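Dear colleague,

I am handing over the structure below, and I would be glad if you could look through it before reading my notes, which follow directly after it.

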Amino acid sequence: MSMGHCSEQRTGFEVTKDWNGADQVAIRSPRGASVRVCLHGGQVVSWRNHRGEELLFSSSKAIFKPPKATRGGIPICFPQFGNCGTLEQHGFARNKIWTIDDEAPPLNSGDNNNNKASVDLLLKPSEDDLKCWPHCFELRLRVSLSMDGDLSLISRVRNVNGKPFSFAFAYHTHLSVSDISEVRIEGLETLDYLDNLSQRERFTEQGDAITFESEVDRVYVGCPGVIAVLDHEKKRTFIIRKEGLPDIVVWNPWEKKSKTMTDFGDDEYKQMLCVDAAAVERTITLKPGEEWTGKLELSAVASTNCSDHLDHPGRL
């Protein structure tokens, strides 16, 4: 199915327009995997494996109309997460028009992988942004797709202000799952978490793995660099690797809350799970001229019911 009526081929990616007229960037790997990024919000809206299977969840009732962010994919939450501040929910970055950055400064040598197809995006504050959040910044995002279909996002925030500022950040990642009751997360055992359903009260995770029987809205703190989301019915595991982002946000609205969300189907909670690499418990502070980098890599691998896949994954 065509993604738009107009396209422009550029090195490593293609720029198209969706049915609503918004610019999207399409990246494809030689083996058939693909990713689509919308310039509205710098938001990854699709990630497919080489078989064409969609790996990210998007609501069938999502509203594709700026300035509202689309429900699904991977919205960028900056400079605020949730309602913890004076700005709009999850900050303004996900509601702004980003530009393609043809002259992005080089990343560290380990991140400049020539085997990846990628696009660089840039967001700078508008005059209206500076009125509600008076800090000059440059937010860069590199979205890359490896030969094997792994998706990586590298964000860089630079303070081009004359004074320090602090911010929160999250990749609000909506994973597509077969049935939430058949899903579990490994790698967060024994960690502390802040429960947003209990006024951010702090608890310690007691289970061997996180499973789902009701609404969950938690911020796990001090998390390891790799966690796994196992989907038993699809025999698929998402491996989530992160750097510079100490927290993991886990969210599923479940039945009751789903019915209160206008851009979310009543039963869609069964097919989605948000697992966000984030920096939200403690905000990041940058002095003038300083830069912060946060990285996320997502892989979809064939899974068993144990954790061996973390050491010897078989790729889907």
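**Cysteines, a hairpin and an annotated site**

Cys77 is buried, because its relative accessible area is 0%, and a residue counts as buried when that value is under 20%. Please keep in mind throughout that this is a predicted model.

The structure holds zero disulfides. Cys77 accordingly takes part in none, and the nearest cysteine sulfur, which belongs to Cys274, lies 9.1 Å away, whereas a disulfide would need the two sulfur atoms within 2.5 Å. Cys38 is buried as well, with a relative accessible area of 8%.

Turning to the strands, S4, which spans residues 34-38, runs antiparallel to S5 and is joined to it by five bridges. One pairing that can be picked out by eye is that of Arg36, whose bridge partner in S5 is Ser46. The two strands, S4 and S5, make up a hairpin with four residues between them, and in the turn Gly41 has a positive phi of about 95°. Five of the six residues of S5 are buried, so this strand is largely enclosed by the rest of the structure.

Where does Arg71 sit? Arg71 is placed in the loop that runs between strand S5 (43-48) and strand S6 (76-77). With a relative accessibility of 22%, Arg71 counts as partly exposed. In the unreviewed UniProt entry, the annotation "binding site" covers Arg71 together with Gln89 and Arg94, and such annotations may be inferred rather than shown by experiment.

With best regards

Terms used. Residues are numbered from 1 along each chain as its sequence is written. This is a predicted model: local features need pLDDT of at least 70, side-chain atom pairs count only at pLDDT 80 or more; totals for chains, interfaces and linings use all residues. Side-chain values use heavy atoms; hydrogens and water are left out. Buried means under 20% relative accessible area, exposed over 50%, partly exposed in between (1.4 Å probe, protein chains only). Two strands pair if DSSP finds at least two bridges between them.
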